[in-house]
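Work through the exercises below with the model open beside the text, and try each task before reading its solution.

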Amino acid sequence: MPSRDNRLKIFSGNANAELAEEIAHYAGVPLGAAQVTRFCDGEIEVRVNESVRGSDVYLVQPTCTPVNETLMELLVMIDAMRRASARRITAVMPYYGYARQDRKTRGRQPITAKLVSNLLTASGARRVMTMDLHAGQIQGFFDIPVDHLPAGPILAEYFQQQDMDDVVVVAPDLGGVTRARDMAERLGASIAIIDKRRPAPNVAEISNLIGEVQGRRVLMVDDIIDTAGTITKGAEALKVWGATEIYVACTHPVLSGPAIERLNCAPVKEVLVTNTIPVPEEKLSSKLKVLSVAPLLGEAIIRIHEDLSVSRLFD
């Protein structure tokens, strides 16, 4: 693509520099010159090695593992850009960490999704771009514009190209029904819902299925694969209920702890994820396929910079 005007600048933290490079290439601008390093005691040091005065700055940084480090990097980078007189600073967070604590389910619990929104605004961000929030209502925690981009069209396009017949899209829990319904509409498929409860964090119990999967291919859709407990238990239950082949589509491959081992042992044919979070080489698996979200984020950045509609991307 042709180079954009020099008022559009894209920078990256250390969390996913490869994705930031892809986004900058799509937008037709060089990746901004900045260094994010550490002092000897572990404090974060940011050096911006080019002028950003009056620029429209986009900081690409998913707050993934190590989440506290990546979040703090983003906050310090935003502060550096604000003090360097950037015209507008947009935090591009393909993965929004701390989103799973979005409400109080029992006494004396924090709401970390709101806390992070406060931190971003206080540091100087004037816009946030993210993908597939764990709960859509987190957008309302912000008093600045939020562009919430769905990965569903990217994932659906892949399965449309596979020419899969007789597919049932399965929501692994009640919270994922909207996501599953959107995928089902794109694929022209029916929908089923797994009745799941969590007695403790990262612990899933499957009790029932709403819908019919007997003798059919199944596509489970979720936003996050963390320890893969929900996916593996769901896949095992679906196999018992008569599913012939099981596929998984997920936006954010957190892949903590035993996730890869569980996925390799699960009755799942393929796990489709995106690169909102980088997947290290040691976590790559023959079942895992990674799609890039760079064209979507890059196009959204161009549209915001040129004051065009972002929602038209999904019409």
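The exercises that follow treat two arginines, the nonpolar cores, the cavity and the aromatic pairs.

The model is predicted, so local features need pLDDT of at least 70 and side-chain atom pairs count only at pLDDT 80 or more, while totals for chains, interfaces and linings use all residues. Residues are numbered from 1 along each chain as its sequence is written, and side-chain values use heavy atoms, with hydrogens and water left out.

**Exercise 1.** Determine where arginine 108 and arginine 87 lie, and state the exposure class of each.

Solution. Begin with arginine 108, which is placed in the loop between strand 5 (88-93) and helix 3 (112-123); helices (H or I, at least four residues) and strands (E, at least two) are DSSP runs, numbered from the N terminus. Its relative accessible area is 81%, so arginine 108 is exposed, where buried means under 20%, exposed over 50% and partly exposed in between, with a 1.4 Å probe and protein chains only. Next, arginine 87 is found in the loop between helix 2 (67-83) and strand 5, and because its relative accessible area is 47%, arginine 87 is partly exposed.

The surroundings of arginine 87 come last. Leaving out residues up to four places away in sequence, arginine 87 touches Arg7, Val52, Gly54, Ser55 and Asp56, contact being heavy atoms within 4.5 Å. For serine 55, which is 32 residues from arginine 87 along the chain, the C-alpha separation from arginine 87 is 5.1 Å.

**Exercise 2.** Describe the largest nonpolar core and say which helix gives the most to it.

Solution. A nonpolar core is a set of buried Ala, Val, Leu, Ile, Met, Phe, Trp, Tyr and Cys residues joined through side-chain atoms within 4.5 Å. The largest one has 44 residues, and Ile10, Leu219 and Leu297 have the most contacts inside it. Helix 8 (residues 294-305) gives the most to this core, namely seven residues. Another core, apart from the largest, has 31 residues, including Ile78, Leu120, Ala135 and Phe142.

**Exercise 3.** Characterise the largest cavity by its volume and its lining.

Solution. A cavity is a set of points on a 1 Å grid over the protein atoms alone where a 1.4 Å probe fits but cannot get out, and lining residues have an atom within 4 Å of a point. Grid points are joined across faces, edges and corners, and the volume is the space filled by probe spheres set on the points. The whole structure yields one cavity of 30 Å³ or more, and the largest cavity holds about 40 Å³ of space. Among its lining residues are Tyr95, Tyr96, Asp132, Asp223 and His252, and strand 6 (127-131) and strand 11 (217-225) each supply at least two residues of that lining.

**Exercise 4.** Classify the ring pair of tyrosine 96 and phenylalanine 142, and explain which parts it ties together.

Solution. Rings of Phe, Tyr and Trp (its six-membered ring) pair if their centres lie within 6.5 Å, and planes under 30 degrees apart count as stacked, over 60 as edge-to-face and the rest as tilted. The structure holds three aromatic pairs. In one of them, tyrosine 96 and phenylalanine 142 are 6.1 Å apart centre to centre with 70 degrees between the planes, which is edge-to-face. Tyrosine 96 lies in the loop between strand 5 and helix 3 and phenylalanine 142 in the loop between strand 6 and strand 7 (146-149), so the pair ties together parts 46 residues apart in sequence. Tyrosine 96 is buried at a relative accessible area of 3%, and phenylalanine 142 is buried at 8%.

Conventions
On a 1 Å grid over the protein atoms alone, a cavity is a set of points where a 1.4 Å probe fits but cannot get out, and a pocket is an open set with protein on both sides within 12 Å along at least five of seven lines; lining residues have an atom within 4 Å of a point.
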